[in-house]
Structures are given as C-alpha cells and as structure tokens.
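Here are my notes on this one, as promised. I went through it strand by strand and helix by helix, so keep the viewer open while you read.

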Amino acid sequence: MTIRILIVDDQELIRIGFRLFLQTQPDLEVVGEAADGVEALARADELRPDVVLMDVRMPRMDGVEATARLTGADRPPRVLILTTYDLDEYVFGALRAGASGFLLKDASRERLLEAIHVVHEGQALLSPSITRRLIEDYAERTDPVTPSPDLLAGLTPREREMLLLVAQGLSNQEIAARLVVTEATVKSHIGSMFAKLHLRDRVQAVVLAYEHGIIVPGRRPAP
C-alpha cells in the first residue's frame, strides 16, 4: 500500500528537504505541499492524503487550527506534527485537536519513516515517557477541568481501568500482562472506551485524563 503524504510548512527549504527524501521510498508518495494552514485545508480536500506532516507556527492559519479542521472533516487524514521544540504548547493544542503525534524537525530519517508508518496505522507516535512528560508539563501549568458527572458514566468498570492504564502510558501488551488477559481483549475494551468518549487514539485519552484530573500530574494511581 502506498501512503499519500501532504507536507505543510511555511519554509520552502524544509518542504523540499522532506519531499526529496520521502519520494525515494517505494511505499510513500508526496502528493502535495502547502505553505500554511489555509492552503493545507484546500490541498487536503483536493488531494485526499493519508498522512499530513504539519508545521505548527505558520502565517494565516497555524497548525493547531488546521489540524482541528482536518481531523473534524469526513475521511480525515492522520496528522503528524512537526516542531522545533519538544514541549511546545502549540504541540499540545494540536494533539488535543486530533493530531496523532509529534516529531522534532531534526529527527533522523529513520525516525521520520517510522513516525509516518505508525500514525498511518492508526497508532499514536508518543512513547510512554514522552507522553507523560509532555502532558504533565502542560497539566502542571493548567488547572484541571472539573469533569461532568456523566463523563465516565457510560464506561464499564473495565473500560475505566483501561483509560487509567492508557493514561499511564502502558502499551496493549503491558496492560494485558498486568490484567492477565489477552491483547485482543485489551484492544476490544480500549476500542469501546474510545468510541464512548469520542477519542481518536491513545494520545487523546491521555489528554482527557490529565485535563479532567483523572490522572494527577506526577502521581500515578494505585494499580
């Protein structure tokens, strides 16, 4: 399967650099480029990319707003945020808006390829350690939102447990080992939890847990 990619960055040299490398890969196709969020929306609607490599700081419309609009559309692409700083508040906003992960612009070529494939497969590109560091850094500077009474009301006890374990950064394999169940069972419960909470992936689950005080920064819930 060929992965169709749209590159969005206001710096032409960066776009050229990504394109020249990515088009050497047999399973990747760079279908277009955009210099800001406004152009990105138009190009995405026209070209229907699978993955969008999205800069965050751009004129006219930044990557956060562009990400929110892209992921809220019909047949949304996966959005991989490109950033210079690993704890940029713009990145958190883009993750909350529906991005599947983020990557530093100086990452290795191998890391870039891995990131594209990971988000294309529907996974989040954040390792547990990076997830916790990013979300905790933001949460420590932000008062948690009081959760509405019905936020978790529709979840089964097992689905609530899955939310807590996902928010701690545990993989499906680690959750299965802790609960002594199969990975297939874990995937089923997590999928149901995502659907009920209207979440796209694990990153959004982590954001929700921290924003609503379900997980307290710097302190893990008891197993």
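1. In β3, Val-52 is the bridge partner of Leu-6. That pair belongs to a parallel pairing of β1 with β3, which runs over 4 bridges. Keep in mind throughout that this is a predicted model.

2. β1 (residues 3–8) also pairs with β2, again in the parallel sense, this time over 6 bridges. Two positions are handy for finding the register: Ile-3 sits opposite Leu-28 in β2, and Ile-5 stands opposite Val-30 in β2.

3. How covered are these strands? In β1, 5 of the 6 residues are buried, so the strand is mostly covered. For β2 (residues 28–34) the count is 6 of 7, so the rest of the structure largely encloses this strand.

4. Now the connection. β1, helix α1 (residues 12–22) and β2 together form a β-α-β unit, and its hand is right-handed. The buried residues of α1 are Arg-15, Phe-18, Phe-21 and Leu-22. Around the axis they cover an arc of only 140°, which puts them on the same side of α1. As a reminder, an α-helix has 3.6 residues a turn, so residues three or four places apart point the same way. The buried residues of α1 pack against β1, β2, β3, β4 and α5 (109–120). On the face turned away from that buried side you will find the exposed residues Glu-12 and Leu-13. Do have a look at Arg-15 while you are there, as it is listed among the buried residues of α1.

5. Next, α3 (residues 63–71). Its buried residues are Gly-63, Val-64, Ala-66, Thr-67, Leu-70 and Thr-71. Looking down the axis of α3, they fall within an arc of 165°, so they line one face of the helix. The N-terminal end of α3 is capped by Asp-62: one of its side-chain oxygens lies 3.0 Å from the backbone nitrogen of Val-64.

6. Which residues have the most contacts inside the largest nonpolar core? They are Val-8, Val-52, Met-54, Leu-70, Val-79 and Ile-81, in a core of 25 residues. At least two residues each come from β1, β2, α2 (37–47), β3 (51–55), α3, β4 (78–83), α4 (89–97) and α10 (202–211). The largest share, 4 residues, is supplied by α2.

7. Met-54 is a good residue to click on. Setting aside its neighbours within four places in sequence, Met-54 is in contact with Val-8, Gly-63, Ala-66, Thr-67, Leu-70, Val-79, Leu-80, Ile-81 and Leu-82. A second core, separate from the one above, has 19 residues, including Leu-165, Leu-197, Leu-199 and Ala-205.

8. On to α7 (residues 157–167), where Glu-159 is located. Is Glu-159 buried or exposed? Its relative accessible area is 4%, and the cut-off for buried is under 20%, so Glu-159 counts as buried. Not counting residues up to four places away in sequence, Glu-159 touches Gly-154, His-189, Ser-192, Met-193 and Lys-196. I would inspect this acidic side chain by eye.

9. Glu-159 has company in α7: Met-162, Leu-163, Leu-165, Val-166 and Ala-167 are buried as well. The buried residues of α7 pack against α8 (172–179), α9 (183–197) and α10.

10. One loop position for contrast. Ala-73 lies in the loop between α3 and β4, and at 38% relative accessibility it counts as partly exposed. Ala-73 and Asp-45 are 28 residues apart along the chain, with their C-alpha atoms separated by 9.3 Å.

11. Finally, the chain as a whole. The secondary structure comes to 10 helices and 5 strands. Of the 223 residues, 47% count as buried. Among contacts between residues at least 6 apart in sequence, 65% join residues at least 24 apart.

Technical notes:
Residues are numbered from 1 along each chain as its sequence is written. This is a predicted model: local features need pLDDT of at least 70, side-chain atom pairs count only at pLDDT 80 or more; totals for chains, interfaces and linings use all residues. Side-chain values use heavy atoms; hydrogens and water are left out. Buried means under 20% relative accessible area, exposed over 50%, partly exposed in between (1.4 Å probe, protein chains only). The arc is that of the directions from the helix axis to the C-beta atoms. A polar contact is a pair of N or O atoms within 3.5 Å; within protein, one must be able to donate a hydrogen and the other to accept it, and residues adjacent in sequence count only if both atoms are side-chain atoms. Two strands pair if DSSP finds at least two bridges between them. A crossover is right-handed if, with the strands pointing away from the viewer, the path from the first strand over the helix to the second runs clockwise. A nonpolar core is a set of buried Ala, Val, Leu, Ile, Met, Phe, Trp, Tyr and Cys residues joined through side-chain atoms within 4.5 Å. Contact means heavy atoms within 4.5 Å.
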